[in-house]
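Please open the model in your viewer and keep the selection panel at hand. The tour below goes from stop to stop, saying what to select next and what can be found there.

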Amino acid sequence: METNAEKMIAEGFAAGTVVLSDEPRDCPVTIRLEGTDTTTYYDPVEIDDAFKTEGLKVWFKFRGLRMANRCQKANPIAIEEIKKRGE
């Protein structure tokens, strides 16, 4: 039997955690990618306020954007679909 996580990954979703920051020159909202050996952050250029919660676990589909980074630690992305993870 396929788990929910396996199903979401098969559908093209990535697991992430929302990280908020009020540091100068830092992105106010980033998503930390989970399930990799390296720490990767993405800067969602447009993200609904409902997902701007520190530590919120999400499933998201995204595409990279060809634009200058708005902060040093994260690459800009467009969110194509996002859902809260129930874990």
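Select Tyr42, Phe60 and Phe62 together, and you have a cluster that is linked by ring pairs; rings of Phe, Tyr and Trp (its six-membered ring) pair if their centres lie within 6.5 Å, and planes under 30 degrees apart count as stacked, over 60 as edge-to-face and the rest as tilted. This is a predicted model, in which local features need pLDDT of at least 70 and side-chain atom pairs count only at pLDDT 80 or more, while totals for chains, interfaces and linings use all residues. Residues are numbered from 1 along each chain as its sequence is written, and side-chain values use heavy atoms, with hydrogens and water left out.

**The aromatic rings**

A search of the whole structure finds 3 aromatic pairs. Keep tyrosine 42 and phenylalanine 60 selected: their ring centres are 6.4 Å apart and their planes stand at 65°, so this pair is edge-to-face. Tyrosine 42 belongs to strand E3 (residues 41–44) and phenylalanine 60 to strand E4 (residues 57–64), so the pair ties together parts that are 18 residues apart in sequence. Helices (H or I, at least four residues) and strands (E, at least two) are DSSP runs, numbered from the N terminus.

Are these two residues buried or exposed? Tyrosine 42 is buried, with a relative accessible area of 14%, and phenylalanine 60 is buried with a value of 0%; buried means under 20% relative accessible area, exposed over 50%, and partly exposed in between (1.4 Å probe, protein chains only).

Now add phenylalanine 62, which forms a stacked aromatic pair with phenylalanine 60, at 5.2 Å centre to centre and with 25° between the planes. Phenylalanine 62 counts as partly exposed, at 28% relative accessibility.

**Glycine 16 in strand E1**

Select glycine 16 next, whose place is in strand E1 and which is buried, with a relative accessible area of 0%. Which residues does glycine 16 touch, not counting residues up to four places away in sequence? Taking contact as heavy atoms within 4.5 Å, the residues it touches are Ile31, Arg32, Leu33, Glu34, Leu56, Lys57, Val58, Phe60 and Arg85, so that Phe60 of the aromatic cluster appears here again. If you then draw a line from glycine 16 to threonine 30, you join two residues that are 14 apart in sequence and 9.6 Å apart in space, C-alpha to C-alpha.

**Two loops**

Move to arginine 25, in the loop between strand E1 (14–20) and strand E2 (29–33). Arginine 25 has a positive phi of about 65° although it is not a glycine, and at 79% relative accessibility it counts as exposed.

The loop between E3 and E4 holds aspartate 49, which also counts as exposed, at 59% relative accessibility. From aspartate 49 you can set a distance line to valine 19, which is 30 residues away along the chain, and the two C-alpha atoms are separated by 13 Å.

**Helix H1 and strand E5**

Alanine 5 is found in helix H1 (residues 4–10) and is partly exposed, with a relative accessible area of 32%. Arginine 85 is 80 residues from alanine 5 along the chain, and their C-alpha atoms are separated by 9.2 Å.

Glutamate 80, to be selected next, has its place in strand E5 (residues 74–84). Leaving aside neighbours within four places in sequence, glutamate 80 is in contact with Lys61, Phe62 and Arg63. Glutamate 80 and phenylalanine 13 are 67 residues apart in sequence, with 9.9 Å between them in space, C-alpha to C-alpha.

**Stepping back to the whole chain**

Clear the selection and show the chain as a cartoon: its secondary structure comes to 1 helix and 5 strands, following the pattern α-β-β-β-β-β when read along the sequence. Its C-alpha trace spans about 45 × 25 × 25 Å along the principal axes.

Of the 87 residues of the chain, 36% count as buried. Among contacts between residues at least 6 apart in sequence, 54% join residues at least 24 apart.

Finally, colour by charge to display 13 positive and 16 negative side chains, the centres of the two sets lying 3 Å apart. Here Lys and Arg count as positive and Asp and Glu as negative, while His and the chain ends are not counted, and the place of a charge is taken as NZ of Lys, CZ of Arg, CG of Asp or CD of Glu.
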